Amino acid sequence: MILITGGAGYIGSHLTDALIEDGYDVTVIDDLSSGNYINEKAKLIKFDLRDGSQLKVDDVDVIFHLAANPDVRTSMIDSIDHFERDVKVTFNLLEIARKTDAKKVIFASSSTVYGEGRIPTPEWSEIKPISNYGLFKVLGEDMLKYYSRNYSIKGISVRFANVTGGRVSHGVVKDFIEKLKRDSSKLEILGNGRQRKSYIYIEDAVKSLTFLADYYNGNYEEFNVGNEDWITVNEIAEIIEKEMGIKPIHVYKDELEGRGWMGDVRFMLLDCMKIISLGWRPKFTSKETVRLAARDLLYGYRK
Ligand code: NAD
């Protein structure tokens, strides 16, 4: 059986759909605090993973651990809630993994563990987060590494770039579309618009997770998963505006040296050669990803 925490959320629900389509038996643990996409063929355990590890689950082969609060911006404000959802939840999940003799845990980590370092950023770069969210992902990775070493659970930390596409729960594409739907004459851009990052389409992100689950049999390792190109916030605005057929004026809220919010990493491009050399490669570029995501959110292409 495959267990997916956060399986009612954005990435988790697409992963659930893909695995069920491939014929797997999937159980989802989610407290439904933000996610509400429930595949009717999956077994849902509605449970708040902050509350402990006393769950009864049998025959767990692989666990994809995606439950978290994924918002970098709010992690700098509601740090205790983030600590509980991003760190305590991961500890409780690892306890469930240990008690159920799970064979493999795949943890959704993030590019934010690196902070603002060398570009492109390989896995061996310095770990220097600049947000609480990034710090909490580092703690999650460390706990998984420890459990892998001490309890013979195979562990993989997947350091995702920005993932976007239909159902996305947060992020710049969703934010811009919501603002422009409210007022198509002007767009408020957080930061100076020149922040430049790599984006990966949901389909590619899901394939990277299933690829690593199938391939990896070592004890513990980290893998970057992102795109080979990157794109500025201004370019994202242009793509969305073109899709919507509008030309709003841009108003910049630039109070943090170009950052959109405290903890925002301005430049992010991961070196993904490690996973690419094993055989996974993104199908869509960052630009195509943003265009597809805009279409998903505007017209429901990939719901
Ligand atoms: P999401 O918010 O859409 O999904 C998270 C899910 O976790 C939700 O369904 C929510 O209800 C559930 N959840 C939260 N707290 C819980 C708790 N205490 N107990 C049980 N369930 C709980 O987020 P997402 O964008 O799908 O992200 C999934 C994972 O990938 C997260 O760990 C996130 O940090 C990581 N990640 C996402 C991105 C991205 O761009 N979306 C990038 C890097 C890493």
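User: What makes the approach of a polar backbone atom of Tyr10 to an oxygen atom of the ligand a polar contact?

Analyst: The distance is 2.9 Å, and a polar contact is a pair of N or O atoms within 3.5 Å, so this pair qualifies. Backbone N or O atoms of Ser33 and Gly35 each lie 3.2 Å from an oxygen atom of the ligand. Taken alone, the ligand exposes 830 Å², of which the protein buries 97% (Shrake-Rupley method, 1.4 Å probe). The model is predicted: local features need pLDDT of at least 70, side-chain atom pairs count only at pLDDT 80 or more, and totals for chains, interfaces and linings use all residues. Residues are numbered from 1 along each chain, and side-chain values use heavy atoms, without hydrogens and water.

User: Which residues surrounding the ligand are the closest?

Analyst: Ile11, Asp30, Asp48, Arg85 and Tyr133 are the closest of the 32 residues that surround the ligand; a residue counts if one of its heavy atoms lies within 4 Å. The largest share of this shell, three residues, comes from β5, a strand (a DSSP run of E, at least two residues).

User: Why is strand β11 called largely enclosed?

Analyst: Five of the six residues of β11 (residues 220–225) are buried, that is, under 20% relative accessible area with a 1.4 Å probe and protein chains only, so the strand is largely enclosed by the rest of the structure.

User: How do you know that β6 and β11 pair?

Analyst: Pairing requires at least two DSSP bridges; β6 (residues 154–160) and β11 share six, in the parallel sense, so they pair. Ile156 stands opposite Glu221 in β11.

Notes:
Buried < 20%, exposed > 50% of the residue type's maximum accessible area, 1.4 Å probe, protein only. Helix = DSSP H or I, 4+ residues; strand = E, 2+ residues; numbered from the N terminus. Polar contact = N/O pair within 3.5 Å; in protein donor to acceptor, adjacent residues only side chain to side chain.
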